[in-house]
Amino acid sequence: MHKKPQESNSHPPSFAETRTSHMVMPGDTNPHGGLFGGALVGWMDLSAVLCSQKHASGQVVTARIDAIDFVAPARPGQHVTITAVPTFAGNTSVEVMVTAEAQYPESGSSRVICSAIFTMVRVTPDGHTLPVPKVEPETEEQKLLYEEGKQRYESRRKSRS
Ligand SMILES: CC(C)(COP(=O)(O)OP(=O)(O)OC[C@H]1O[C@@H](n2cnc3c(N)ncnc32)[C@H](O)[C@@H]1OP(=O)(O)O)[C@@H](O)C(=O)NCCC(=O)NCCS
């Protein structure tokens, strides 16, 4: 494992929290007229990449996607806003919670359509892993997400060993 000791050791979740927006276009839909799940997961994955690259100050790959939950469809013309926030970091991986919300621009009201947990790993261009800064929760909600993320990280490690 390569180390860069001069880099910051921790960041609060807000440091790398990322919000990206898309409009559902007819070409993004499935045969039922709703947003195609694969397109949505691609948008969410890109948000997780942007967020974890900022947290890690480096390149990352997606190692795993857990708990993906499609709770409602989105329709053409709706805006989809995706929020990605780091919850917990191991040594070279960072867990990112990603939530997608859809809204019609006319009403402004929005609802969650999908959520998932991404595990992103910092790598060099030749695929070696690198350390990432810790996540330093500040608010009560962030502390709860951190503890939940830590439990998921430990259970993922157990299931891989
Ligand atoms: C992710 C990857 C770099 C891990 O490489 P590796 O040699 O297995 O590395 P390690 O076993 O040392 O694991 C590195 C970290 O990743 C985590 N990790 C690796 N595979 C994982 C998986 N499938 N699920 C969850 N976490 C995983 C480990 O827990 C470890 O975390 P930690 O350092 O925070 O404790 C490698 O498996 C890979 O390149 N996968 C393909 C990634 C890809 O192509 N993604 C799609 C396009 S971006």
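Two residues are taken to be in contact if their C-beta atoms, placed from the backbone, lie within 7 Å. With that in hand, the packing of this predicted model can be followed, beginning with a helix on a sheet. Helix α2, residues 37-56, lies across β2, β3, β4, β5 (93-103) and β6, and runs at about 45° to β4. Helix α3 packs on the sheet as well, where α3 touches β4, β5 and β6. The direction of α3 makes about 70° with that of β4.

The sheet itself comes next. Five strands form an open sheet in the order β2-β4-β5-β6-β3, with antiparallel pairing. β2 (18-23) and β3 each have a single partner strand and stand at the edges, so one side of each is left without a neighbour in the sheet. From one strand to the next, the twist averages 25°.

The pairings can be taken one at a time, starting from β2. This strand pairs with β4 (residues 79-89) in the antiparallel sense over six bridges, and histidine 22 stands opposite valine 80 in β4. Further along, β5 and β6 are joined by 11 bridges, again in the antiparallel sense. Here glutamate 101 has valine 112 of β6 as its bridge partner. The hairpin of β5 and β6 has six residues between the strands, and glycine 108 takes a positive phi near 80° in this hairpin. At the other edge, β3 and β6 form an antiparallel pair over eight bridges, in which arginine 64 has threonine 119 of β6 as its bridge partner.

Arginine 64 also leads to the ligand. The ligand is surrounded by 15 residues, and the closest are Arg64, Gly90, Asn91, Thr92 and Ser93. Two or more residues of this shell are given by each of β3 (60-70), β6 (110-122) and α3 (140-160). Which element gives the largest share of the shell around the ligand? That element is β3, with four residues. Sorted by class, the shell holds four nonpolar, eight polar and three charged residues.

Glutamine 59 offers a closer look at a loop, the one between α2 and β3. Is glutamine 59 buried or exposed? With 14 other C-beta atoms within 10 Å, glutamine 59 is partly exposed, because a residue needs 20 or more such atoms to count as buried and 12 or fewer to count as exposed. Leaving aside residues up to four places away in sequence, glutamine 59 touches Gln53, Arg122, Val123 and Pro125. Glycine 34 is 25 residues from glutamine 59 along the chain, and the C-alpha atoms of the two are separated by 33 Å.

A view of the whole chain completes the picture. The protein chain has three helices and seven strands, which run β-α-β-α-β-β-β-β-β-α from the N terminus on. Its radius of gyration is 17 Å, close to the 15 Å that the globule rule gives for 161 residues, so the protein chain is as compact as a globular protein of that length. The C-alpha trace spans about 50 × 35 × 30 Å along its principal axes. Of the 161 residues, 30% count as buried. Among the contacts in the protein chain with a separation of 6 or more, 75% are accounted for by residues 24 or more positions apart.

Conventions. Residues numbered from 1 in each chain as written. Predicted model: local features only at pLDDT ≥ 70, side-chain atom pairs only at ≥ 80, totals over all residues. Near = placed C-beta within 6 Å. Nonpolar A, V, L, I, M, F, W, Y, C, P; charged D, E, K, R; others polar. Pairing = 2+ DSSP bridges. Axes fitted to C-alpha atoms, helices over the stretch in contact; angles between N-to-C directions. Rg over C-alpha atoms; globule rule 2.2 N^0.38 Å.
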